[in-house]
Amino acid sequence: MLAFIIWALMGVAFIVLGIYALFAKSARPLGFWSNAKTLPMKDVKGYNRAMSILYIVLGMLFILIGLPLLFDAKGAGLIIPILGAMFLSIGSMVVYVTVIEKKYKA
């Protein structure tokens, strides 16, 4: 149970970041890569909206793949969240590079 709570808090952090990006009034684009400068964007508001959708969906899927931790946090139930997190991370990178960055990069 504790493992799922910690897992779900990470998903909630993604959702909160997405909501923040959705309602942010600053003209600063939300970064995706850690410790990297964000490229100049044509439409910062549209870019932040796309990033917020990405983060909210990622957070909800992250919580969803953590559900097996409620039932089996030691055996096979641990494999699904671990592999799921890996595939979600790779999938979000692919969506960012092929869709979002391509559309909004100046």
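Author: Helices here are DSSP runs of H or I with at least four residues, and strands are E runs of at least two, both numbered from the N terminus. Take Leu54 as a starting point: this residue sits in helix H2. This is a predicted model, in which local features need pLDDT of at least 70 and side-chain atom pairs count only at pLDDT 80 or more, while totals for chains, interfaces and linings use all residues. Residues are numbered from 1 along each chain as its sequence is written, and side-chain values use heavy atoms, with hydrogens and water left out.

Reader: How many helices and strands does the protein have?

Author: The count is four helices and zero strands. Read from the N terminus, the order is α-α-α-α. Along the principal axes, the C-alpha atoms fill a box of roughly 50 × 25 × 20 Å.

Reader: Where in the protein is confidence lowest, and where highest?

Author: Use pLDDT, the predictor's confidence in each residue, from 0 to 100. The protein has a mean of 85, and 95% of its residues reach 70 or more. H3 has the lowest confidence, with a mean of 84. H2 has the highest, at 91.

Reader: Is Leu54 buried or exposed?

Author: Go by relative accessible area: under 20% is buried, over 50% is exposed, and partly exposed lies in between (1.4 Å probe, protein chains only). Leu54 has 12% relative accessibility, so this residue counts as buried. Across the protein, buried residues make up 35% of the 106 residues.

Reader: Which residues does Leu54 touch?

Author: A contact means heavy atoms within 4.5 Å. Leaving out residues up to four places away in sequence, Leu54 touches Phe32, Ser92, Val95, Tyr96 and Ile100. Gly18 gives another distance to check: its C-alpha lies 7.4 Å from that of Leu54, with their positions 36 residues apart in sequence. Look at the whole protein too. Among contacts with a separation of 6 or more, 69% join residues 24 or more positions apart.

Reader: Why does the span of helix H4 agree with its length?

Author: The expected span is 1.5 Å times one less than the number of residues. H4 covers residues 79-104, which is 26 residues, so the expected span is 38 Å; the end C-alpha atoms are 36 Å apart, which agrees.

Reader: Where is the kink in H4 centred?

Author: The bend at a residue is the angle between axes fitted to the seven residues ending there and the seven starting there. In H4 the kink is about 40 degrees and is centred on Tyr96. Tyr96 is also one of the buried residues of H4, a list that includes Pro81, Gly84, Ala85 and Leu88.

Reader: Which helices do the buried residues of H4 pack against?

Author: They pack against H1 (2-23), H2 (44-65) and H3 (68-71). Gly91 is another H4 residue. At 31% relative accessibility, Gly91 counts as partly exposed. Its C-alpha is 9.4 Å from that of Leu58, 33 residues apart along the chain.

Reader: Which residues of the largest nonpolar core touch the most other members?

Author: A nonpolar core is a set of buried Ala, Val, Leu, Ile, Met, Phe, Trp, Tyr and Cys residues joined through side-chain atoms within 4.5 Å. The largest core has 22 residues, and Tyr47, Met51, Tyr96 and Ile100 touch the most other members. At least two residues come from each of H1, H2 and H4. H2 gives the most, nine residues.

Reader: How many aromatic pairs are in the structure?

Author: A pair of aromatic rings is described by the distance of the centres and the angle of the planes. Rings of Phe, Tyr and Trp (its six-membered ring) pair with centres within 6.5 Å; planes under 30 degrees apart are stacked, over 60 edge-to-face, and the rest tilted. The search finds five pairs. Phe14 and Tyr55 are stacked, at 6.1 Å centre to centre and 15 degrees between the planes. Phe14 is in H1 and Tyr55 in H2, so this pair ties together parts 41 residues apart in sequence. Phe14 is partly exposed at 25% relative accessibility, whereas Tyr55 is buried at 7%.

Reader: Why is the pair of Tyr47 and Tyr104 edge-to-face?

Author: The ring centres of Tyr47 and Tyr104 are 6.3 Å apart and the planes stand at 75 degrees, so the pair is edge-to-face. Tyr47 belongs to H2 and Tyr104 to H4, so parts 57 residues apart in sequence are tied together. Both Tyr47 and Tyr104 are buried. Ring pairs also link Trp7, Phe14, Tyr55 and Phe62 into a cluster.
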